[in-house]
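Hi,

Here is the structure I said I would pass on. Have a look at it first, and then read my notes below.

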Amino acid sequence: MARLKSGDTVEVISGAEKGKRGKVLNVDLGSGRVTVQGVNMVYKHLRKSQKHPQGGRIQLESGVDISNVMLIDPKDGKPTRVRMEIDGNGKKVRVSSRSGEPV
């Protein structure tokens, strides 16, 4: 089970984008990367087409290594580690290590 999922709010903890927060758009466990909204923006150059008659370039998010982001604790809004616990129904749940609250 992944520690991060699409829709989680994370903070970048290292690299050029350190300190930025955003929502997780995509998690790729195969390559160990996550796409975070508004973080690690790159330009993609487009060839002329019917959709883009002038061609041009668009800005979009590129992946960040999963080890460079931390989940934001829902209780106090600070970055936290995530651990797995089994609830009363025998189901795995993600729990904030900082506050003990389920994520």
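**A buried aspartate, and what is around it**

Asp73 is buried but has no salt bridge: Arg98, the nearest side chain of opposite charge, is 4.5 Å away. Keep in mind that this is a predicted model. Why does that distance not count as a salt bridge? Because the side-chain nitrogen has to be within 4 Å of a carboxyl oxygen.

So what does the side chain of Asp73 reach? One thing is the backbone nitrogen of Lys75, at 3.2 Å. The side chain of Asp73 also makes a polar contact with the side chain of Ser99, at 3.1 Å. To find Asp73 on your screen, go to the loop that runs between strand 7 (69-72) and strand 8 (79-80). Leaving out residues up to four places away in sequence, Asp73 touches Lys78, Thr80, Ser96, Arg98 and Ser99.

**Back into strand 7**

Met70 sits in strand 7. Is Met70 buried or partly exposed? Partly exposed, because its relative accessibility is 22% and buried means under 20%. Met70 also meets a part of the chain that is far off in sequence: Glu11 is 59 residues apart from Met70, yet their C-alpha atoms are 5.4 Å apart in space. Again not counting residues up to four places away, the residues that Met70 touches are Thr9, Val10, Glu11, Ile13, Pro79, Thr80 and Arg81. You will have seen Thr80 already, as it is also on the list for Asp73.

**Strand 3 and its two partners**

Strand 3 (residues 33-36) pairs with strand 2 (residues 21-28) in the antiparallel sense, over four bridges. If you want a spot to check, Val27 has Val34 in strand 3 as its bridge partner. The hairpin made by these two strands has four residues between them, and Gly32 takes a positive phi there, near 70°.

Strand 3 also pairs with strand 6 (residues 63-65), antiparallel too, this time over three bridges. Here Arg33 stands opposite Asp65 in strand 6.

**One more positive phi**

Which residue other than glycine has a positive phi? Asn40 does, with a value near 60°. Most residues other than glycine have a negative phi. Asn40 is in the loop between strand 3 and strand 4 (41-46). With a relative accessible area of 23%, Asn40 counts as partly exposed.

That is what I have for now. Happy to go through it with you.

Cheers

Terms used: Residues are numbered from 1 along each chain as its sequence is written. This is a predicted model: local features need pLDDT of at least 70, side-chain atom pairs count only at pLDDT 80 or more; totals for chains, interfaces and linings use all residues. Side-chain values use heavy atoms; hydrogens and water are left out. Two strands pair if DSSP finds at least two bridges between them. Buried means under 20% relative accessible area, exposed over 50%, partly exposed in between (1.4 Å probe, protein chains only). Lys and Arg count as positive and Asp and Glu as negative; His and the chain ends are not counted. A polar contact is a pair of N or O atoms within 3.5 Å; within protein, one must be able to donate a hydrogen and the other to accept it, and residues adjacent in sequence count only if both atoms are side-chain atoms. Contact means heavy atoms within 4.5 Å.
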